Amino acid sequence: MSVSLLDFDVPPYRLSGTVYGTLLNHQAALAQLGGAVNEPPYKAAPKAPVLYVKPRNTLASTGDAVVVPDTAGALEVGAALGVVIGRTACRVQEQDAFAYVAGYTVVADFSVPHDSYYRPSVRLKALDGSCVVGPSVTPRARIPSPDDLDVGVFVDGKIVHATTTAGMVRNVARLLADVTDFMTLAPGDVLLLGVAAGAPRVAPGHHVSVEIGPIGRLENDLVKERP
Amino acid sequence: MKRARVAYSGAIHEATPHGDQLKLADGRVVREDQVVWLPPFEVGTIIALGLNYADHAKELAFGAQEEPLVFLKGPGSVVGHRAVTRRPKDVKFMHYECELAVVIGKAGRNIPRSDAMAHVAGYTVANDYAIRDYLENWYRPNLRVKNRDGGTVLGPWFVDAEDIGPTVHLPLRTLVNGKVTQQGNTRDFVFDIPYLIEYLSAFMRLQPGDVILTGTPEGVVDVQPGDEVTCEIDGVGRLVNTIASDEAFGR
């Protein structure tokens, strides 16, 4: 279970293996929390982007089996646009942000379902093979409007979740500016634009596809931990 | 054996201690201020512990833990010995965290506690800075607090595991401008190294170069531009770092 770097091994599309996820970037995902954002444990709406790391053990390719831990029973599939960094991005200005983007890819971010955004255990998000990236990187020039793409999740061929990259709290350029204000992104790093509210749950035996219009489609089977 | 990675005279070298100087692999002996110290190993996944000393948990008003508080960091935050770390002008509380860094040497999944130490290649010292002003209650500790450029200082030496031995009870301390501000001993871990390796490898495959930052004891204080912060762990090393202002970074 590892991303076939061969598919990406042409600069500027070589992947570094570092993937940063973003949460609550869909207006609907934040709105769904309603007044709870001001209650404990959160006490205030998020100010900075809500980010997490998908470490290298999580990386997988289309076609790989995604293992569902026996203790979880099901996983949540987070369909996200992956922004592939093309050159060192530090303190990027919103108006220049696309100059730092090599291209885009599709990411299926699988996690053990959890309700709290406060301090979820890393074991819910860092499972081996839980971050499927690919199937290729589409050059930036071919995607003039990354902030208006259809995103679909299919289970056994039927669409179960349809969303769009439009109407984010932070669009691609704004997110790059806000993230690189405090952390530099390197060529090949992947920054996820965010997962929509209502990410579907999937279980062993399901065939899961994630598609983002012109960028591509991932196909993965979910399997039990111990067959 | 202790070894460092340094940049000197146009190349990256492995270096070993030579009195109070350094000996490069090619035999040259240089002063330690003539080199640029790099992180002493190729850093893989950075796994960090919150509140792994009972006293620090108490200091921050935390109750008993059911499982380790683990968070992940990206490689972009890492700098070496003698590097500078920026303190933004607008913050009120930026603090160091002196931590034993455990470097994985052998890959593994579902590693039992009894085998865990065989997966450790060695150790170094970490200073894992935090800016508490930026703490938000969303996926704590959020990356703006804990994954900042220059916020993870590693070094100066990579120390082989066999030099430390199977029982890792090491006194550690932090000095700010030469004055001791933080003290502890790794024997006071809430979750010890074998436990952490067993816990982590139950859901993630550990790989060579992955590093576990094992948390910090009580005694974190605010640091200001110009302060020299030294994190020491007996037998592992003495990691020096200086706080710089926004001006030094052109902002």
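# Reading an interface and its sheets

Tutor: Between chain B and chain A there are 21 residue pairs in polar contact, both residues of each pair being at pLDDT 80 or more. Please keep in mind that this is a predicted model.

Student: Happy to. Which elements give two or more residues to the side of chain B that touches chain A?

Tutor: Those are strand E7 (69–73) and helix H2 (143–146) of chain B. The biggest giver is E7(B), with 4 residues.

Student: And how do the residues on that side divide into nonpolar, polar and charged?

Tutor: On the side of chain B that touches chain A, 14 are nonpolar, 8 polar and 12 charged.

Student: How should I read the size of such an interface?

Tutor: The general idea is that interface size is often given as the accessible area lost when the parts come together. Here, the area buried between chain B and chain A is about 3300 Å². Carbon and sulfur atoms give 55% of that area.

Student: Which residues of chain B lose the most area to chain A?

Tutor: Look for B:Trp138, B:Tyr139 and B:Phe203, which together make up 28% of what that side buries. As for contacts, 34 residues of chain B touch 40 residues of chain A.

Student: How many salt bridges are counted between chain B and chain A?

Tutor: The count is 4. One example to find on screen is A:Arg56 with B:Asp210, where the closest N and O atoms are 2.6 Å apart.

Student: What is the count of salt bridges over all chains?

Tutor: Over all chains the count comes to 28. A good one to study is within chain B: the side chains of B:Arg3 and B:Asp160 meet at 3.4 Å, N to O.

Student: Why does that pair tie together parts that are apart in sequence?

Tutor: B:Arg3 sits in strand E1 of chain B and B:Asp160 in strand E14 (residues 152–160) of chain B, so the salt bridge links parts 157 residues apart in sequence. The two strands also pair with each other: E1(B) and E14(B) are antiparallel, with 2 bridges. In that pairing, B:Lys2 has B:Val159 as its bridge partner.

Student: Good, let's turn to strand pairing. What is the general idea?

Tutor: Strands of a sheet pair through backbone hydrogen bonds, and the pairing is either parallel or antiparallel. The start of chain B makes a nice case. Strand E1 (residues 2–8) and strand E2 (residues 11–18) of chain B pair antiparallel over 5 bridges. To follow the register, note that B:Tyr8 stands opposite B:Ala11, and that B:Val6 has B:His13 as its bridge partner.

Student: What do E1(B) and E2(B) form, and how many residues lie between them?

Tutor: They form a hairpin with 2 residues between them, and B:Ser9 in the turn has a positive phi of about 50°. Then comes another hairpin: E2(B) pairs antiparallel with strand E3 (residues 21–24) of chain B over 4 bridges. In this pairing B:His18 is partnered by B:Gln21. Again 2 residues lie between the strands, and B:Gly19 in the turn has a positive phi of about 60°.

Student: How many bridges does E1(B) make with strand E5 of chain B?

Tutor: E1(B) and strand E5 (residues 36–38) pair antiparallel over 3 bridges. There, B:Ala7 is partnered by B:Val36.

Student: What is the strand order in the open sheet of 5 strands in chain B?

Tutor: The order is E9-E19-E18-E15-E16, with mixed pairing. Strand E9 (84–86) and strand E16 (179–185) of chain B are at the edges with a single partner strand each, so each has one side without a neighbour in the sheet. On average, neighbouring strands are turned by 20° against each other, direction ignored. Within this sheet, strand E15 (residues 171–176) runs antiparallel to E16(B), joined by 6 bridges, and B:Val176 is partnered by B:Lys179.

Student: And which strands stand at the edges of the open sheet in chain A?

Tutor: That sheet has 5 strands in the order E4-E13-E12-E8-E9, also with mixed pairing. Its edges are strand E4 (65–68) and strand E9 (158–164) of chain A; each has a single partner strand, so one side of each lacks a neighbour in the sheet. The twist averages 25° from one strand to the next. Inside it, strand E8 (residues 150–155) and strand E12 (residues 207–212) of chain A run antiparallel, joined by 5 bridges, with A:Gly152 opposite A:Glu211.

Terms used
Residues numbered from 1 in each chain as written. Chains lettered and ligands numbered in written order. Predicted model: local features only at pLDDT ≥ 70, side-chain atom pairs only at ≥ 80, totals over all residues. Heavy atoms only, no water. Contact = heavy atoms within 4.5 Å. Buried area = accessible area lost by both parts, 1.4 Å probe. Polar contact = N/O pair within 3.5 Å; in protein donor to acceptor, adjacent residues only side chain to side chain. Nonpolar A, V, L, I, M, F, W, Y, C, P; charged D, E, K, R; others polar. Pairing = 2+ DSSP bridges. Axes fitted to C-alpha atoms, helices over the stretch in contact; angles between N-to-C directions.
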